[in-house]
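Biologist: Please take one part of this model and examine it closely. I would like a connected account of that part and of its surroundings.

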Protein chains: 2
Amino acid sequence: MAYYVGIDLGGTNIKAGVVDSEGKMINKESIKTNAERPMEEIIHDMGTLVLTVIEKAGMKVSDIKAIGIGSPGTPDNIAGVLVYANNLPFNMAPMRKLIREVVDLPVYIDNDANCAGMAEAVAGAAKGCKDSVTITLGTGIGAGVIVNGRIYSGFNQAGSEFGHTVLVSGGLQCSCGRKGCFEKYGAATALTRMTEEASIAHPESCLKDVIAEEGHPNAKAAFIAMRRGDKVAEQVIDEYTDYLADGLANAINTFMPEVLVIGGGVCNEGDPLLIPLQEKTMSRSYFGPGVKKTEIRLAQMGNDAGIVGAAMMGKSCDDDGIDGISSAV
Amino acid sequence: MAYYVGIDLGGTNIKAGVVDSEGKMINKESIKTNAERPMEEIIHDMGTLVLTVIEKAGMKVSDIKAIGIGSPGTPDNIAGVLVYANNLPFNMAPMRKLIREVVDLPVYIDNDANCAGMAEAVAGAAKGCKDSVTITLGTGIGAGVIVNGRIYSGFNQAGSEFGHTVLVSGGLQCSCGRKGCFEKYGAATALTRMTEEASIAHPESCLKDVIAEEGHPNAKAAFIAMRRGDKVAEQVIDEYTDYLADGLANAINTFMPEVLVIGGGVCNEGDPLLIPLQEKTMSRSYFGPGVKKTEIRLAQMGNDAGIVGAAMMGKSCDDDGIDGISSAV
């Protein structure tokens, strides 16, 4: 069995773990990012965290084959550089070089949404599938596309930004500059927005009470209200699943993955979300007669997805003997 | 130099050609499909056409490495079967088996839009690129996605049906059953529809005269009227390029190809179409700071795309020593 270290770099925490070649986490550690510091300090701490996690696993650096880093923003794995990230002080950050000054191992870097897709493909809901797509519903929409067991991120490692495909031409303004992006209608925050709007437009609904109980509008409120028999909440969820299903069917028609994995906290709502979503998505997907259908499954890797996916991205690069290329080559 | 035969199967004509391993067409022949016949007869004629084209090239069957077939509908290259096609009497047609009864060579089969993408990637506008997407604007929208030099068509060979992704949620009814598909707004026929509608809504415009001169509404009329200074025609083209750019930017954000190739007769309009289209598409694509940008180029392979792409699909399978698998493996 070979071993890899995965790093999940976030705006708040840096997590790292030792992962075996089948995607099983051996152990993990976490430190604060303290993102206001110079990038050199943060990257040095990432290297030190790698040494810590290896030591606590009872291993030596020589037992580890490679390090994978899952990062927000746009990494350039060929150069080993984090080109930019929205909420981190990294601008053309030479991640590979600086980490190797602390731990001299091959270092691979890719987008966190891609790493989540890799984790599901190696050890989660899409285990055993060559082609899968993992869509994570959160503040935005992340997409991890796996083609032939490798992360697909385009020629410039910038894709797949599937959350920034227009679903509602001329619709709501998105932070990316476009109007009507999928993420404005399908992310968990979209459900929060629809819930808040409905609570104002329909004062007869119990949505406003649920929002008061929750302390603020969130992606759970509509489900809570629906369980209390609220018709307005039911309509909100119907509208949300309509948009979300349109986006998921777009992903299926585009990639025809063997498995489409969906994840993010909102999926914990279970059947009231998933049954209509499954039904709507499949009826809108383009399967001709006799054509095998994509399966929709729930993400299984949870909070470990970032670490495991980053480590397995390192593995998939390492398997091919290519230092520094993680896109499908 | 190795040689391949490509077959371009259409509802009206069957075309075949001998193509060298660099995508250069040696010669080609064409026969009528006569699509009302039993499929066995049509497929037998395809085999005979292959023998004819090889003979007329001054070659023997043993000089050819493989046959590739580009077909409408959904082929299953693993089984060697055309699962179904809208306008042909083929239903689970055993193409490989029946062709091999006439010419005993490896036979590969894929979708015609995918073959067009392959042709551009091997010998056309995306030559030398590992990752490219070719979008063909016609009655519908065809998409050929090339990943790492291979056709990507998903686990079931049904994709990429990028024309059937929703761009206008709740929009016009599409033949696929969904509402608001990209192809209802971006295909050449969409421009024809917009032109006809504008000619009725704006009788002051010269669009109705141009349509009368052309004999019927088509995708050229708005450009002809615009060249005569017609403001309504200008608005029609502005609206069409808006939708088309949204769809093309979706393709870029999804695949981040090195080159996005666009083809189809409407592209012959040149700058009046292409300049606004380029400007709108690039401004809507998600390139972060420092990230390399996709190039948009015009298709170069014209009517030969089907034959050359089919032949080169055969080559790409053949190179890997895999009989019967053309998706990215």
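Biologist: The request concerns helix 8 of chain A: what does helix 8 give to the side of chain A that touches chain B?

Modeller: The account below begins with conventions, then turns to the helix, its two ends and the interface. This is a predicted model, in which local features need pLDDT of at least 70 and side-chain atom pairs count only at pLDDT 80 or more, whereas totals for chains, interfaces and linings use all residues. Residues are numbered from 1 along each chain as its sequence is written, chains are lettered from A and ligands numbered from 1 in the order in which they are written, and side-chain values use heavy atoms, with hydrogens and water left out.

Helix 8 of chain A comprises residues 231-255; helices (H or I, at least four residues) and strands (E, at least two) are DSSP runs, numbered from the N terminus. Its 25 residues span 36 Å from the first C-alpha to the last, close to the expected 36 Å, where the expected span is 1.5 Å times one less than the number of residues. Of these 25 residues, 19 are buried, so helix 8 of chain A is mostly covered; buried means under 20% relative accessible area, exposed over 50% and partly exposed in between (1.4 Å probe, protein chains only).

At the start of helix 8, a side-chain oxygen of A:Asp230 comes to within 3.2 Å of the backbone nitrogen of A:Val232. A:Ser205, in the loop between helix 5 (188-201) and helix 6 (207-214) of chain A, is in contact with both A:Asp230 and A:Val232, once its neighbours within four places in sequence are left aside; contact means heavy atoms within 4.5 Å. A polar atom of the side chain of A:Ser205 also lies 2.8 Å from the backbone nitrogen of A:Leu207. A:Ser205 counts as buried because its relative accessibility is 2%.

At the other end, helix 8 is followed by A:Met256, in the loop between helix 8 and strand 12 (259-263) of chain A. Most residues other than glycine have a negative phi. Phi of A:Met256, however, is positive, near 40°. A:Met256 counts as buried because its relative accessibility is 0%.

As for the interface, 48 residues of chain A are in contact with 48 residues of chain B. The two chains bury about 4,200 Å² between them, 57% of it on carbon and sulfur atoms; buried area is the accessible area (1.4 Å probe) that two parts lose on being put together, summed over both. In chain A, A:Phe155, A:Arg178 and A:Tyr286 lose the most area to chain B, together 18% of what that side buries.

Between the chains there are 2 salt bridges, a salt bridge being a side-chain nitrogen of Lys or Arg within 4 Å of a carboxyl oxygen of Asp or Glu. A:Asp246 forms a salt bridge with B:Arg178, with the closest N and O atoms 3.0 Å apart. Helix 8 of chain A gives the most to the side of chain A that touches chain B, with 8 residues.

In chain B, B:Ala249 lies in helix 8 (residues 231-255). Apart from neighbours within four places in sequence, B:Ala249 is in contact with A:Arg178, B:Thr281, B:Arg284 and B:Ser285. B:Ala249 is buried, with a relative accessible area of 0%.

Methods:
A polar contact is a pair of N or O atoms within 3.5 Å; within protein, one must be able to donate a hydrogen and the other to accept it, and residues adjacent in sequence count only if both atoms are side-chain atoms.
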